[in-house]
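Q: Please take a close look at the charged side-chain pairs in this model and at the part of the fold around one of them. I would like a connected account that keeps to what can be computed from the coordinates.

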Amino acid sequence: MASDNHLVSVVNALEWYHTIDLGNGIVTPGHYDHRPYLCHYRLPDNLHGKRVIDIGTASGFFAFEFERRGASVLATDLPDWFDHDFGPNYQADKTVETGNVYLHQPFEVARQALASKVTRKLINIYDLSPQTVGTFDLAFCGSVLLHLTDPIKALWKIASVTRDMAIIATAIDPQEPDRPIATMVGHQRGDTWWIPTRACLELMAVSAGFVGIAWVSEFRLDYRDGSPGPYHDVLHAYKTLQNWSADTRHRDEVIRQYQGHATSQETKLKQQVEQLQATVDQMERSRILRAAKLLQRFLARLSRHGG
């Protein structure tokens, strides 16, 4: 009981990103509670004998969930709070000290409380490679790409350490899902940068070297207190041609699909330009005709006056 009371006091003294059940009725007060949303990620049920990397682990919810399913897990996070891709317009709400406490201590508290064997490495996502972390049967990256100035490079790095499948979850723009574009939002706060459409994210994964893409789900990830959160997607990206789910598409199919859409968009744009040019030409002809009529009238008056 005394140890439980101590754990409760430690938990309540920290700021948590994830809501984690530590047992004995102790649950961390995270900004997000992913437990109701787990079905949207379609995590493998049985991961015994598999190596998993959880990239950007935060408080560690997914790392501990993968371990619960039997995996050997490496969790990674930034060495320092200000190693984030913060821009010049970022309005810091944490000091170096408080940021590092938020970044590191909740994970350690949860790991000890759960008697977890998850290991952790402090490393920037851009520095991931087989040489720095090894390779993994499954790579997981949840809600990280939106905070990166270079999410495509990050996907290259994720692909480089993935042997079989990567699970990518990030905020997306649900408008015009078939247009391969991303919305730039970095000017707003300086800590969130690109919000891609579905088409854009799929092509980003293809460009990173994944050969199979399965679109798993779209959902709104609300905050734990019920406040509306960001609209999210989950995709499974495969490095090999094996173990695909039934809804997986080959990279060539993905490229053809969106190339066709791009061609259609280009055709529409060309038609719009041609229509606009025709309108301008018509206006120009009308202007010239009006000027010619005015000139004829002027010359006629001039002739009568001269006569």
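A: R179 is partly exposed, its relative accessible area being 29%, where buried stands for under 20%, exposed for over 50% and partly exposed for the range in between, with a 1.4 Å probe and protein chains only. Its partner E176 also counts as partly exposed, at 45% relative accessibility, and the two side chains meet in a salt bridge with an N to O distance of 3.5 Å; the term salt bridge requires a side-chain nitrogen of Lys or Arg within 4 Å of a carboxyl oxygen of Asp or Glu. The model is a predicted one, in which local features need pLDDT of at least 70 and side-chain atom pairs count only at pLDDT 80 or more, whereas totals for chains, interfaces and linings use all residues. Residues are numbered from 1 along each chain as its sequence is written, and side-chain values use heavy atoms, with hydrogens and water left out.

A second pair is formed by R249 and E202, whose side chains meet in a salt bridge at 2.6 Å, N to O. R249 belongs to strand β14 (residues 249-250) and E202 to helix α6, so this salt bridge ties together parts that lie 47 residues apart in sequence; helices (H or I, at least four residues) and strands (E, at least two) are DSSP runs, numbered from the N terminus. R249 is buried at 13% relative accessible area, and E202 counts as buried at 0%. Elsewhere, D45, E65, R68 and R69 are joined into one network by salt bridges that share partners. Within this network, E65 and R69 form a salt bridge whose closest N and O atoms are 2.8 Å apart, and both of these residues are buried. Over the whole structure, a search finds 16 salt bridges.

Helix α6, which holds E202, spans residues 198-207 and is mostly covered, with 7 of its 10 residues buried. Those buried in α6 are A199, C200, L201, E202, M204, A205 and V206. Beyond the helix, A208 sits in the loop between α6 and β12 (212-220), and at 13% relative accessibility A208 counts as buried. If residues up to four places away in sequence are set aside, A208 touches L155, W156 and A159, a contact being heavy atoms within 4.5 Å. The C-alpha atoms of A208 and S160 are 8.6 Å apart in space, although these residues are 48 apart in sequence. G209, which also follows α6, has a positive phi, near 110°.

As for the setting of these details, the protein chain has 7 helices and 14 strands. Its radius of gyration is 28 Å, well over the 19 Å that the globule rule gives for 307 residues, so the chain is more spread out than a compact globule; the radius is taken over C-alpha atoms, and the rule is 2.2 Å times the number of residues to the power 0.38. Taken along the principal axes, the C-alpha atoms fill a box of roughly 120 × 45 × 35 Å. Of the 307 residues, 45% are buried, and among contacts with a separation of 6 or more, 63% come from residues 24 or more positions apart.
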